[in-house]
Amino acid sequence: MPFLAEQSATPTTPSTSAEAPAAPPFESWGRYPRTTAELRPLHWQVDFPAVLAGDSNAAQHGALPVGLGRSYGDVCLLDGGTLLPTPAMGRLLAFDATTGLLTAEAGITLAQILDFAVPRGWFLPVSPGTKYVTLGGAIANDTHGKNHHVAGTFGCYVPQFELARSDGQRLLCSPTLNSEFYAATIGGMGLTGVITWASLQLRPIVSRLIDYQGIQFHGIDEFLDLTRQSDNVEYTVSWVDVTSTGKNFIRGIFMQGDHSPAPAPLTLSSKPKLTLPFEFPGFALNAATVSAFNTLFFHKQIRPRVTAVQDYEPFFYPLDALLHWNRMYGKRGLLQFQYAIPWEHAREGTIAVLQAVAKSGLASFLAVLKVFGDVPSPGMMSFPQPGVTLALDFPIKPEKSFALFDRLAAMTLEFGGRLYPAKDARMTAAQFQAFYPQWRSFARYKDPALNSSFWQRVTEGAAA
Amino acid sequence: MSAASHADEPRLPLRAAIPGEAPGTPRYPRRILVLGATSGIAEACCRLWAARGESLHLVARHPEKLAAMAADLSVRGASVTTTVADLDDTAGHAELLAHAVDALNGLDIAVLALGVLGDAPAAEVDFAAAAAMLHTNFLAPVSLLTWLAGYCAPRHAGTLAVLSSVAGDRGRKSNYVYGSSKAGLTAYTDGLRNRIDREGVRVLTIKPGPVRTAMTERMPGNAKFADPEAVAATLVKALDRGHGQGPDVIYVPGIWRIVMAVVRLIPESIFKKMNL
């Protein structure tokens, strides 16, 4: 009788209904850092800023709109503050079946958009590596996908949205209306206000299928050659074995695909049934097991080149099939590291970073290498820039992984690159301010009632 | 698919007998009236109905919320009309319901989802707070059901689906004012069913356990509550059955039927000392 038992904890003496609820933990995907916060979910567009009225915690420690908490580090956290989860505010508001322009409340997830759009012959213009993110979150982090080299970021497909500010203003934002707030909010990490609704330009499809090709490569130059040959392919991404050195250094599989042009049934996706039910013990992912996994993954594809037809789900969201896969990293959680280094130093930078990783002996389970194109993002603080991007993730082992991280961040800066706030929990204020020198202009559009643990960390010591 | 498709049908009787069709077999799209439409459970039901292209008339107090919800359901395939009204105003019920039935061109299902959890500690000491809760949770539904029963019974058709609660099965110290409002509602629907089921009108009493919606947001432990989507799926399925074919009282999730049976069996001499 969980409900009845739970109720006994309620005080019987009369009190106001504003009594503090037991704060359920809100975790980022990396489960680090661990924070506490009050949760006040937004159910309706009119809930913000009304929800802040009488919330002394928010008044004192600030508030932050959050989606599903799929950012890895602390951009979606506010230690001690009030988080405003948006997924209950996820209604569709309009859909034009001839142009594919969809308007929805910001808490709708990309999975829900796909469930609506795919049977009608439409698809997301840009897909991040998981469909379990909200529309608002995808805008606030200006996410990118496997088609960045031809399509640019998510924000490129958001022609307009409404921004609710804590002073009660509601700003219709587009490239021409409130254009500064439009630019600041795309990639603005949820700090400029609450996005209540947004329009998204979908792209047409005639099939769920992806014409897929997987090609083995050995070394960075083979990777760059394959990239050049695939300029006209819509989706490209590479998995890299970062545990191997010597002749196998930077070996990997270059994966590319296009939406299949042959019409096929546009059925609804089935719901994932597998959940990782518990945390793995801390030792489960060690250098030996990860190295074995990497060797297996590389040789899973026996031939140097494989052509196949694949459903979009495993192609775009392979990890979504296992809900809560982050529990694999145990209690301490995981750290992601993702840089974008411009072309000028992309080759040497990638080699140097991967050498440092291999030498550290710290195993990265998932390493993803991709080329960013030159389609400009409308976002002021957007992460992608033309060049090479590398994403790694590591289990947290405080002394070892933090030291490696700090080294890699310093190297990224040396090579003229930058780190991705949505995947960061470690960069210093000095590094952030060097990666994003425009941060001071951005700070002008920040909503004074909103804040995040990330923003506190990277603006430390500076008048924001 | 639109409400207009019913326009040329005779108003009485609602369902012409189709040879070979079991009496009370539902027809699609159905005409569904949702009272208290912006409640979490009602909205989740409406999403499922919208995907099937049903005709919905939504009644709720807050115009902006109602507009957002109506837009969502239209995009998903329902034909939707709305009325903004405060259902506490029982004097306006007759006009409101007549208009709603008109907008739907008849009525197959009415869902009563109005209700407030209220402030239990305040209702213990402040009669005005208790009376307000009893009004919204009991008197207003009774007023609506009086009119709806009067509409459905002579037509020998329609389903009245009423959201009560497991809290009405036995009063306990943590929320007995809310519980008594739901106990009254349950007893009322039982009696109404006893009167008009034989007329061909189905009365369905729904007793959810705690559900994770805006209403229960500030309650401790709500992370373990049932999903409104799961509750809605059960409810919608129960409403797919016609008169005489489906259950009369459903507990959602079903485990609550057993839990509450046990709770009701505890002797009062022991129950009064428990912390529930």
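User: Where in chain A is A:Pro33 placed?
Analyst: This is a predicted model, so positions are those the predictor gives. A:Tyr32 and A:Pro33 are joined by a cis peptide bond, with omega at about -5°. The place of A:Pro33 is in the loop between helix H1 (2-7) and strand S1 (38-39) of chain A.

User: Which residue in chain B is joined to B:Val252 by a cis peptide bond?
Analyst: Most peptide bonds are trans. In chain B, a cis bond with omega of about -15° follows B:Val252. The partner lies in the loop between strand S7 (249-252) and helix H8 (255-265) of chain B. The residue is B:Pro253.

User: Is A:Asp142 buried or exposed?
Analyst: A:Asp142 is found in the loop between helix H5 (135-140) and helix H6 (148-151) of chain A. Its phi is near 40°, a positive value in a residue other than glycine. A residue is buried if 20 or more other C-beta atoms lie within 10 Å of its own. A:Asp142 has 28 C-beta neighbours inside 10 Å, so A:Asp142 counts as buried.

User: How does A:Asn178 count, with 19 C-beta neighbours inside 10 Å?
Analyst: A:Asn178 sits in the loop between strand S8 (170-173) and helix H7 (179-185) of chain A. Phi of A:Asn178 is near 45°, a positive value in a residue other than glycine. Buried needs 20 or more neighbours and exposed needs 12 or fewer. With 19 of them inside 10 Å, A:Asn178 therefore counts as partly exposed.

User: How far apart in space are B:Pro210 and B:Ser165?
Analyst: B:Pro210 lies in the loop between strand S6 (202-208) and helix H7 (228-239) of chain B. B:Pro210 is buried, because 23 other C-beta atoms lie within 10 Å. B:Pro210 and B:Ser165 are 45 residues apart in sequence, yet from C-alpha to C-alpha the distance is 8.5 Å.

User: How is helix H11 of chain A oriented relative to helix H12 of chain A?
Analyst: The axes of H11(A) (residues 343-360) and H12(A) (residues 398-414) come within 10 Å and cross at roughly 170°. An angle over 145 degrees counts as roughly antiparallel. That makes H11(A), relative to H12(A), roughly antiparallel.

User: How many nonpolar residues are in the contact of H11(A) with H12(A)?
Analyst: A:Ala352, A:Val353, A:Ala356 and A:Ser360 in H11(A) meet A:Leu404, A:Arg407, A:Leu408 and A:Met411 in H12(A). By class, this contact has one polar residue and one charged residue, and the nonpolar ones number six.

User: Are H5(B) and H6(B) roughly parallel or roughly antiparallel?
Analyst: Helix H5 (residues 127-152) and helix H6 (residues 176-196) of chain B pack with their axes 8 Å apart, at an angle of about 15°. Angles under 35 degrees count as roughly parallel. H5(B) and H6(B) are therefore roughly parallel.

User: How many residues of the contact of H5(B) with H6(B) are nonpolar?
Analyst: H5(B) passes H6(B) in a right-handed crossing. Among the residues that meet are B:Ala130, B:Met133 and B:Leu134 in H5(B), and B:Val177, B:Tyr178 and B:Ser181 in H6(B). The contact has three polar residues and one charged, and the nonpolar count is 14.

User: What is the orientation of H1(B) to H7(B)?
Analyst: The axes of helix H1 (residues 40-51) of chain B and H7(B) come within 8 Å and cross at roughly 60°. The crossing is right-handed. Such an angle makes H1(B), with respect to H7(B), oblique.

User: How many nonpolar residues does the contact of H1(B) with H7(B) have?
Analyst: The residues that meet include B:Ile41, B:Ala44 and B:Trp49 in H1(B), and B:Val231, B:Ala232 and B:Leu235 in H7(B). By class, one residue of the contact is polar and one is charged, while the nonpolar residues number 11.

User: What percentage of the residues of chain B count as buried?
Analyst: Chain B has nine helices and seven strands. Among its contacts between residues at least 6 apart in sequence, 71% join residues at least 24 apart. Of its 276 residues, the buried part is 46%.

User: Over which residues of chain B does pLDDT stay under 50?
Analyst: Chain B averages a pLDDT of 89, and 90% of the residues score at least 70. One stretch stays under 50, although the model has 23 contacts for it beyond four places in sequence. That stretch is residues 1-19.

Note on methods. Residues are numbered from 1 along each chain as its sequence is written. Chains are lettered from A and ligands numbered from 1 in the order in which they are written. This is a predicted model: local features need pLDDT of at least 70, side-chain atom pairs count only at pLDDT 80 or more; totals for chains, interfaces and linings use all residues. Helices (H or I, at least four residues) and strands (E, at least two) are DSSP runs, numbered from the N terminus. Axes are lines fitted to C-alpha atoms, for helices over the stretch in contact, and angles run from 0 to 180 degrees between N-to-C directions. Angles under 35 degrees count as roughly parallel, over 145 as roughly antiparallel, 65 to 115 as roughly perpendicular and the rest as oblique. Two residues are in contact if their C-beta atoms, placed from the backbone, lie within 7 Å. Ala, Val, Leu, Ile, Met, Phe, Trp, Tyr, Cys and Pro count as nonpolar, Asp, Glu, Lys and Arg as charged, and the others, Gly among them, as polar. pLDDT is the predictor's confidence in each residue, from 0 to 100. A crossing is left-handed if the near helix is turned anticlockwise from the far one by less than a right angle, and right-handed if clockwise.
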